[in-house]
Amino acid sequence: MDDADSPALVQRVLAASEGATEFLSLIGAEELSPCLFAESLVMVSESGRPLGHFSISVQPACYEEQGGQEEDCYLVHAASQGTINEVPCGSSITAYVSKRLETLEQHQQEYVKFRAHPLDRKTHVVKRGGRLVVTKIIEEGGHEVQTQSVSYNCASLHGLISEAANLLVLRVLARRRAVPQNTTFLTFDTEARVCTSTYTAMGFQKQLVGMTEVEVFVIGRAVSPDEGIPMTWQFYFLSDGHLARRVQVGSPATMVLQQLPVLIDVDEVEPRPVFDQKPLDWEEDVQLYSQFLDRKEELQAGHASYARRHPELRTLLADFLQLLLLHKPDDVLTFAAEFFAPFARQRPPGSSFQASGKPSPFRGRV
C-alpha cells in the first residue's frame, strides 16, 4: 500500500479553499433533511431515443465502525444502466456519508461490456481511524489486471467531496438557488487520486418536463485531475432539489426527467405568539367573579351537609372552646394538641383521664 504522506508517492499537495470548508461546516441537518428522497431519470441519446435509466436515493442510516461504534449518517445510492453504441455499460455508487458530509465508506463500480474485452473498474473508499484508504481494482475479461491502494491522512483532506457526497451538495445548492463563489473542493479523479473540484452557477432556464414547462437552476461542476482532460457536468434542478436533467460534456447520453414529481415543501415554523401580560383583578372580571360565587356556594353547602351528618362535631368544638377560654393558655397550639390527643387513632388504649402531673409529649423539657 502506498502512503500519500510518503515522498515516494509523487503527487502535488492539494488543499480545499477556506470558502469550501466554511461552506461544508455551515450545512446542518435541517438543510439536509429535505434532500433525503429518491428520484429516477431516463438516459436518452442526442436524438431523444431511450438508452437506459438513472436513479438516485438518499436516506437516513446508521454506520457501524470498527470497534462496534455506530454513527448516524446518510446512505447514498446512485446507479445508471444502459446501452450506448450497442455496448452495455453502467455505473453504481453506494456510500455512507456522515452528517458533516464526510465519506465513511464508498463502493463505486463502472463497467463497459465490450464483446472482446469487458472492462470493470471498482473503487473502494473507507475511513479507518484517522486515515482514508482508497483501493482501486481494474478487471479486464474477468481477470484482475491492476490493484492499487493509497492511504491518506484525513487531516489533509478537509473539504473533500466524494462522488456520493457530491449528490447531497448539489441538492443543497439547488435548494439555495445559489453557488458560493471562489470555492475549491477536493475530490478523487478516475485514477483514485486527489484532485480539485469546483461548482459554478449557470443561471436559470426553461425546460419541458412531460407536458409542463418549468424553471430550472443550472449548476456546473468541473473535476480537474493533475493529468488528463478535466471532466465537466451540467445539472438542471427543480426548486426543491429534484434533478431535471444531467449532461456530461463529451458523453453521447443525457439523463432527463420525464414526469414532474410532487415538489417537496418545507413547512416554515411560525414563531410562538406573544401575549401581553395583563393584571388579573378577579373581582372586576364578571366571569371569574361568577365562578367564585358558584364555588363558594358549593363549598358552603358541602360543609353544612357534613356538619349535619356529624352532630358530634359541634359538641367537640364547643367543649374545646369552653376549656380554652377557661384556661386561657399562652401556647394555644400545644393546648389544642393535648386536648385532641385522646381522639387520635394511633393512641394506645388507656384512660383518657390521666394524672395532671404526668409530663406531656407536646411540651418541651426544661
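This tour moves through the structure stop by stop, stating what to select and what is found there.

**Before starting**

The structure is a predicted model, in which local features need pLDDT of at least 70 and side-chain atom pairs count only at pLDDT 80 or more, while totals for chains, interfaces and linings use all residues. Residues are numbered from 1 along each chain as its sequence is written, and side-chain values use heavy atoms, with hydrogens and water left out.

**The whole chain**

Display the full protein chain, which has 6 helices and 15 strands. Helices (H or I, at least four residues) and strands (E, at least two) are DSSP runs, numbered from the N terminus. Of the 366 residues in the chain, 34% are buried. Buried means under 20% relative accessible area, exposed means over 50%, and partly exposed lies in between, with a 1.4 Å probe and protein chains only. A contact means heavy atoms within 4.5 Å. Among the contacts in the chain with a separation of 6 or more, 46% are between residues 24 or more positions apart.

**The largest nonpolar core**

Select Leu24, Val97, Leu101, Leu168, Val169, Tyr199 and Ile219. These residues have the most contacts inside the largest nonpolar core, a set of 66 residues. A nonpolar core consists of buried Ala, Val, Leu, Ile, Met, Phe, Trp, Tyr and Cys residues joined through side-chain atoms within 4.5 Å.

Which helix gives the most to this core? Helix H3, residues 163-176, does so, with 9 residues. Centre the view on Leu168 and hide its neighbours within four places in sequence; the residues then in contact with Leu168 are Leu32, Cys35, Leu36, Val58, Tyr74, Val76, Val97 and Leu101.

**The loop after H3**

Proceed to Arg177, in the loop between H3 and strand E10 (184-188). Arg177 is not a glycine, yet its phi is positive, at about 60°. Its relative accessible area is 22%, and Arg177 is therefore partly exposed.

**Arg221 in strand E12**

Is Arg221, in strand E12 (residues 212-224), buried or exposed? With a relative accessible area of 2%, Arg221 is buried. Beyond its neighbours within four places in sequence, Arg221 is in contact with several residues, including Ile161, Glu163, Asn166, Tyr199 and Trp233. Add Gln248 to the selection: it lies 27 residues from Arg221 along the chain, and their C-alpha atoms are separated by 9.6 Å.

**Val44 and Thr83**

Select Val44 in strand E2, residues 38-44. Val44 has a relative accessible area of 8% and is therefore buried. Now add Thr254, which is 210 residues away from Val44 in sequence but 5.4 Å away in space, C-alpha to C-alpha. Leaving aside neighbours within four places in sequence, the contacts of Val44 are Arg49, Pro50, Leu51, Pro252, Ala253, Thr254 and Val256.

Continue to Thr83 in strand E4, residues 70-84. Thr83 is partly exposed, with a relative accessible area of 35%. Outside its neighbours within four places in sequence, Thr83 is in contact with Leu51 and Pro88. Thr83 and Gly52 are 31 residues apart in sequence, and their C-alpha atoms are 6.5 Å apart.

**Helices H5 and H6**

Two packed helices are described by the angle between their axes and the distance between the axes. Select H5 (residues 312-327) and H6 (residues 332-340), which pack at an angle of about 135° with their axes 11 Å apart. H5 is therefore oblique to H6. Axes are lines fitted to C-alpha atoms, for helices over the stretch in contact, and angles run from 0 to 180 degrees between N-to-C directions. Angles under 35 degrees count as roughly parallel, over 145 as roughly antiparallel, 65 to 115 as roughly perpendicular, and the rest as oblique.

Show the side chains where the helices meet: Leu316, Asp319, Phe320, Leu323, Leu324 and His327 in H5, and Val332, Phe335, Ala336, Phe339 and Phe340 in H6. These residues divide into 9 nonpolar, 1 polar and 1 charged. Here Ala, Val, Leu, Ile, Met, Phe, Trp, Tyr, Cys and Pro count as nonpolar, Asp, Glu, Lys and Arg as charged, and the others, Gly among them, as polar.

Finish at Lys328, in the loop between H5 and H6. Its phi is positive, near 45°, although Lys328 is a residue other than glycine. Lys328 counts as exposed, at 62% relative accessibility.
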